[in-house]
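Here are my notes for you, as someone coming to this structure fresh. Keep the viewer open while you read.

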Amino acid sequence: MGKTGDRDWMQIYAIYGTDRWQTVAFLALHATLFAAIALLLLLRFPSSLALLRSLLPAAVPLTALRFLAGLAGSTAALSALCLLYAAGSVLHSSLALRWEMAQRMVAAVPDWSAVRTALDVGCGRGILLNAVAMQMKKEGSGGRVVGLDRRRETAVEALRRAGAEGVQEYVTCREGDARRLPFADGYFDVVVSASGLGAAAAEERGRGLAEMVRVLKPGGVGVVWDLLRGSEYAQRLREMRMETVRLSDPVTAYMLGSHIVSFRKPMEQQQPLPQPLFHDPHWAADMC
């Protein structure tokens, strides 16, 4: 996988690990099994023919037996290669590609110097969350980014990883539901989400997207990355009359097509800044 920008993928793995290790292990194990079958058929070809002869009627010609044994070996070898490729693709998508997409999502926000409040919906391991925090640190911002996840223990781990990245002072994490964001209307300058809505049903995805728009300030920027749903999100955002809705070129992730969708919430009549649901100046209330 090599380097991803100025980061080596092993550095990324050391901090974030992978959330798909069961899938990678399953695919790698079966790839090994099929490779072993292919080698066994190749190295023990006469024995394989003898086995087929014992299983099939005696009338089957030797040429047909050779063809069947060769076909079985070729199929096993091809299956091993496909499974190995799939394992590599899943591993790459869950590590280096996620880091790369996080950088692209951060770059989709035109001006970070004015950002004081940001939200990552479905922060998971914290790759995107910490990318946002690093950008705030780079800009010398006094702002903070909230990572929201439906599982408290996941949010706690994301906060721990922010410490490993040296940006813990810019990060707050808490438990919450993307369909009912526990924040006041129009509070965040930027709202981002990487695959935080895609697993839900269509109605729930729409509700989650509407919630992201609700908590975004007029003039604020939203950026969403998800598998297969990019066109759907772009269409929904246009129906909600969001401005500058942009759909990126497709990017293959987990062997599926994905897009980044960015948008800006229209400016409305200026109103007093809404108070957040938590009043601690450092956003400590009810936080992990």
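The points below go from confidence in the model to its helices, strands and ring contacts.

1. First, a word on trust: this is a predicted model. The mean pLDDT of the protein is 86, with 90% of its residues at 70 or more. The stretch to handle with care is residues 269-288, where pLDDT stays under 50. The model still has 38 contacts there beyond four places in sequence.

2. Next, the annotated spans. The UniProt record, an unreviewed entry, puts "transmembrane region" on residues 20-43 and 75-97. What does the chain look like over residues 20-43? That span is 96% helix and 0% strand, and its end C-alpha atoms lie 34 Å apart. Residues 75-97 are likewise 96% helix and 0% strand, with 30 Å between the end C-alpha atoms.

3. For a link between those two stretches, look at A25, in helix 2 (residues 21-43). Its C-alpha sits 7.7 Å from that of A87, although A25 and A87 are 62 residues apart in sequence. Is A25 buried or partly exposed? Its relative accessibility is 36%, so A25 counts as partly exposed, given that buried means under 20% and exposed over 50%.

4. Now to strand 6 (residues 188-194). Why call this strand largely enclosed by the rest of the structure? Seven of its seven residues are buried, so the description follows directly. F188, for one, has 0% relative accessibility and counts as buried.

5. Strand 6 also has partners. It runs parallel to strand 3 (residues 117-121), and three bridges join them; here L119 stands opposite V191. Strand 6 pairs with strand 7 (residues 216-227) too, again in the parallel sense, over six bridges. In that pairing, V190 stands opposite V221. As background while you look along these strands: in a regular strand the side chains alternate between the two faces of the sheet.

6. On to the rings. How many aromatic pairs does the structure hold? There are three. Take Y16 and W99: the ring centres are 6.3 Å apart and the planes meet at 45°, so this pair is tilted. Y16 belongs to helix 1 (residues 9-16) and W99 to helix 5 (residues 96-107), so the pair ties together parts that are 83 residues apart in sequence. Both Y16 and W99 are buried.

7. Compare that with Y187 and F188, an edge-to-face aromatic pair with 5.4 Å from centre to centre and 90° between the planes. Y187 has a relative accessible area of 10%, so Y187 is buried; the cut-off is under 20%. Ring pairs also bring in F183, giving a cluster of F183, Y187 and F188.

8. One more ring deserves a look, this time with a charge beside it. Which residue lies over the face of Y254? It is R20, at 4.9 Å from the ring centre. R20 is also where the annotated span of residues 20-43 begins, according to the UniProt record.

9. Last, a small stop at T154, in helix 7 (residues 152-164). Leaving out residues up to four places away in sequence, T154 touches G124 and D149. Its relative accessibility is 16%, so T154 counts as buried.

Conventions. Residues numbered from 1 in each chain as written. Predicted model: local features only at pLDDT ≥ 70, side-chain atom pairs only at ≥ 80, totals over all residues. Heavy atoms only, no water. Buried < 20%, exposed > 50% of the residue type's maximum accessible area, 1.4 Å probe, protein only. Helix = DSSP H or I, 4+ residues; strand = E, 2+ residues; numbered from the N terminus. Pairing = 2+ DSSP bridges. Phe/Tyr/Trp six-rings, centres within 6.5 Å; stacked < 30°, edge-to-face > 60°. Lys NZ or Arg CZ within 6 Å of the ring centre and 35° of its normal. UniProt positions renumbered as here; feature names shortened; annotations may be inferred. pLDDT = per-residue confidence, 0-100. Contact = heavy atoms within 4.5 Å.
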